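These are my notes from going through one model. I list what I looked up, entry by entry.

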Amino acid sequence: MITLYGLAISNYFNKVKLALLFKELEFTEVAAVPSQDSDMLKCSPMGKIPYIEIDGQFITESNAIIEYLEQAYPNKNNLFPKDLLQAARCREVTNYIDMYIDSQARRVLPAAFFGAPKVVETIDEVEANLKKSVTALQKIITFKPFINSDKLTAADFSAITTLTLTTSVMTTLGRDDPLAGIDGLSNYYQMMLSLDIVKTIEEARIKSVNELMNRNK
């Protein structure tokens, strides 16, 4: 049995959960928060979420987890295209989203949602970096209707969890949506949000956000 640790508020947790749901694997969820406590560091050496446990063994980092799931359960709804070049394109998109978009939005996420100071210079820098990153992302994605494919892949799970978060972060800070210029993105979101597994993730995420907001009142 697979145990998934983390919180539904986390886009990386949700990416892994989508992969588990898509592959129709049995798993249980255990709430876990990022921490530097010694017990946490035994399971996740950087104290981050998500991580999974299988037979007493732990795997951290969402992309490593997804790669494991694909290789351990190869006959259950593939997360990557069979064609090697297209599979590489899928990983390429995921890396762009993680490295160049999420990494920037995460710099100002505390200011957007958790009451941290809104440092204008930092927000300006993030906005400029996101503009460059989104321009690059546009060059490697096409909606077919999924990202570069007529089937769901791991790239879609990164996109629906992280790109939407990025928009929320920047618009909450009073800036323009950095992703608004991507042709077809709005229709893509609508299509993704109509899928049952994505609905499941979104319902849990909204519940988690509301619980967090109520605790902070």
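Before the first entry I fix the terms for exposure: buried means under 20% relative accessible area, exposed means over 50%, and partly exposed is what lies in between. The model is a predicted one.

**Entry: T142**

I started with T142 and asked whether it is buried, exposed or partly exposed. Its relative accessible area is 42%, which lies between the 20% and 50% cut-offs, so T142 counts as partly exposed. I then looked up its place, which is the loop between α5 (120-138) and α6 (154-172). With neighbours up to four places away in sequence left out, I found T142 in contact with I147 and N148. I also took the C-alpha distance from T142 to G184, which is 8.6 Å for a pair 42 residues apart along the chain.

**Entry: the rest of the loop between α5 and α6**

I stayed in this loop and went on to N148, one of the contacts of T142. N148 sits in the loop between α5 and α6. Its phi is positive, near 60 degrees, and N148 is not a glycine. Is N148 buried or exposed? Its relative accessibility is 17%, so I put it down as buried.

P145 is also placed in the loop between α5 and α6. I checked the peptide bond between K144 and P145 and found it cis, with omega about 0 degrees.

**Entry: the other cis bond and the other positive phi**

Which peptide bond did I note next as cis? The bond from I49 to P50 is cis, and its omega is near 5 degrees. P50 lies in the loop between α2 (38-43) and β3 (51-54).

I looked at D55 for its backbone angle. D55 is not a glycine, yet its phi is positive, at about 50 degrees. The residue belongs to the loop between β3 and β4 (57-60). D55 has a relative accessible area of 69%, so I list it as exposed.

**Entry: Q36**

Where is Q36? I found it in the loop between β2 (27-31) and α2. Its relative accessible area is 57%, and because the cut-off for exposed is over 50%, Q36 goes down as exposed. Leaving out residues up to four places away in sequence, I noted that Q36 touches L41, M46 and G47. I also looked up its distance to I140: the two are 104 residues apart in sequence, and their C-alpha atoms are 37 Å apart in space.

**Entry: V169**

V169 is in helix α6. I read its relative accessible area as 0%, so V169 is buried. What does V169 contact, apart from neighbours within four places in sequence? The list I got is A105, V108, L109, A112 and F113. For L109 I also took the C-alpha separation from V169, which is 5.9 Å across 60 residues of chain.

**Entry: cysteines**

I searched for disulfides and counted 0 in the structure. I then looked up the exposure of C43 and C90. C43 has a relative accessibility of 16%, so it counts as buried. C90 has a relative accessible area of 5%, so it is buried as well.

**Entry: the whole chain**

How many helices and strands does the protein have? I counted 8 helices and 4 strands. In sequence order they run β-α-β-α-β-β-α-α-α-α-α-α. I compared the radius of gyration with the globule rule: the value is 17 Å, close to the 17 Å the rule gives for 217 residues, so the protein is as compact as a globular protein of that length. Along the principal axes, the C-alpha atoms fill a box of roughly 45 × 45 × 30 Å.

Of the 217 residues, 44% are buried. I took the contacts with a separation of 6 or more and found that 68% of them join residues 24 or more positions apart. The accessible surface is about 11,500 Å², and carbon and sulfur atoms account for 53% of that area.

Last, I looked at the charges. The protein has 23 positive and 27 negative charges, and their mean positions are 2 Å apart.

Note on methods. Residues are numbered from 1 along each chain as its sequence is written. This is a predicted model: local features need pLDDT of at least 70, side-chain atom pairs count only at pLDDT 80 or more; totals for chains, interfaces and linings use all residues. Side-chain values use heavy atoms; hydrogens and water are left out. Helices (H or I, at least four residues) and strands (E, at least two) are DSSP runs, numbered from the N terminus. The radius of gyration is taken over C-alpha atoms; the globule rule is 2.2 Å times the number of residues to the power 0.38. Buried means under 20% relative accessible area, exposed over 50%, partly exposed in between (1.4 Å probe, protein chains only). Contact means heavy atoms within 4.5 Å. Accessible areas come from the Shrake-Rupley method with a 1.4 Å probe; for residues, only the protein chains shown count as cover. Lys and Arg count as positive and Asp and Glu as negative; His and the chain ends are not counted. The place of a charge is taken as NZ of Lys, CZ of Arg, CG of Asp or CD of Glu. A disulfide is a pair of cysteine sulfur atoms within 2.5 Å.
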